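Below are some notes on the fold, set out as numbered points. Please read them alongside the sequence and the coordinates.

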Amino acid sequence: MSEKEESQPLVPQQYDLFSPLFKADPFPTFARMRQEAPLHAHQAPDGSTIWYITRYEDVTTVLRDDQNFCKDPRNACPAGAISTASRKTAAHQRINENMLFSDPPDHTRLRALVSQAFTPRRVERLAPRIQAIADQLIDQVQALGEMDLIAAFALPLPVFVICEMLGIPDSDREQVADWSQAIISPGSRNLNYSARKRKVRAFTTYLEQMFMDRQINPRDDLVSALVQAEEAGDKFNEAELSSMVALLLVTGHETTVNLIGNGALALLLHPQQLTSLKRDPTLWEQAIEELLRYDGPVETSTSRWARKDVTIGGQLIRCGDLVRVVLTSANRDSHQFENPDMLDVQRGNNKHIAFGLGIHYCLGAPLARLEGTIALETLFRRFPNLRLSLPASQLQWRSGVLFRGLRQLPLVWPTSN
Ligand code: HEM
């Protein structure tokens, strides 16, 4: 997801949604919000309203309602009522104009096209390669006895997988990962405007060459499939192709890294749950669903705007207001989940919404599930005595309201030497 992470609000808020203290454990605050203010009006510095929606029922209502809520602020009404923040978002770069930020009929068309290429079969076929990548990354650190799980394993694994799926050669992987970082939250990566522009331009040039090449020499990769995708006589144009590849690259690793990081941490902090997984590895599939629910990688959805005055959970949301649903809060709502704050890898009837819902439901969910399962199963099988190398209270979490993920996860294990 390429939406810019939010900066600190200037106006004091009733709920602290931005401090490192909150990020360390947001769940008590979300529980209070669900109780006291399930639709919380946050005043942005420009005076506009951002609604944070925290209850499962309200969150699912909004995500399913693409009639009253849109993703492209230019489709909200009336044009003049959109806040400065929204206008800034509307001006995002061409490379960021993709289906995640579009509405029907554009969204329907783009999603139909990409679904032709991003098929379940293509994902299933990747399993042995994902396993090989996971083993290779573990081989590289095994003798060291320590690693930062994020830098050494959780981040490179999904980057390598998505590059491989797209057909980006190994020799270009590091470069492409660097370019794709320039597209994500540029403010938080200390990149000035011209440096970012240079990188985005270099990236689009690289992609254009790749598209040309695959048109002439199609291969068995996702870029070739995207170039050839055709639905009802319609095809991607070049700008759409570039932004689709950028979207897949960014969503393909910014989220899965957190499934691996948050999932590993949750299991290390719940040794009995980990023991039951070691005893019965067939539980992994169910466990991944529970880890997605318990501490999911995406905290809030991307922004939506009200197209007209609409009432959600008894609260009036005005036309043009910006809405963010809090997925990690909905997934801990006791009206939906029994003992929601308990990690239970054998939980049944787990209707979590870590992948969203409705027309923008995560396209990459099958890939993310496969990567998460292989990564965590491999990690705990190869390192049966893995431990945190510092108290969990000292871990640092990424800032911003979009993602929920650790900056580092330092781990140690005994080596034979
Ligand atoms: C555990 C990992 C992942 C999580 C938790 C996740 C979560 C999400 C969520 C919540 C949305 C909807 C956002 C909204 O409605 O505002 C979404 C959309 C999307 N995700 Fe994922 N995602 C993950 C991995 C991936 C992967 C691996 C890919 C592709 C390689 C991917 C591709 C996409 C795309 C293309 C969309 C936009 C779909 C649309 O607008 O129709 N995601 N994801």
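1. Of the 417 residues in the chain, 43% are buried. The model is a predicted one, and the burial figure counts all residues.

2. The chain holds 18 helices and ten strands. Its radius of gyration is 21 Å, close to the 22 Å given by the globule rule for 417 residues, so the chain is as compact as a globular protein of that length. The C-alpha trace spans about 65 × 60 × 40 Å along its principal axes.

3. Among contacts in the chain with a separation of 6 or more, 76% are between residues 24 or more positions apart.

4. One open sheet has five strands in the order β1-β2-β8-β5-β3, and its pairing is mixed. The edges are β1 (39-43) and β3 (69-70); each has a single partner strand, so one side of each lacks a neighbour in the sheet. Strands β1 and β2 (residues 49-53) run antiparallel and are joined by five bridges. In this pair, His-42 stands opposite Ile-50 of β2.

5. Helix α3 (residues 56-64) packs on that five-stranded sheet. The helix touches β1, β2, β3, β5 (304-306) and β8 (322-325), and its direction makes about 125° with that of β8.

6. Another open sheet has three strands, ordered β4-β10-β9, with antiparallel pairing. Here β4 (146-148) and β9 (387-388) are the edge strands, each with a single partner strand, so one side of each is without a neighbour in the sheet. Two bridges join β9 to β10 (residues 410-412), and Arg-387 stands opposite Val-412 in β10.

Notes. Residues numbered from 1 in each chain as written. Predicted model: local features only at pLDDT ≥ 70, side-chain atom pairs only at ≥ 80, totals over all residues. Helix = DSSP H or I, 4+ residues; strand = E, 2+ residues; numbered from the N terminus. Rg over C-alpha atoms; globule rule 2.2 N^0.38 Å. Buried ≥ 20, exposed ≤ 12 C-beta atoms within 10 Å, placed from the backbone. Contact = placed C-beta atoms within 7 Å. Pairing = 2+ DSSP bridges. Axes fitted to C-alpha atoms, helices over the stretch in contact; angles between N-to-C directions.
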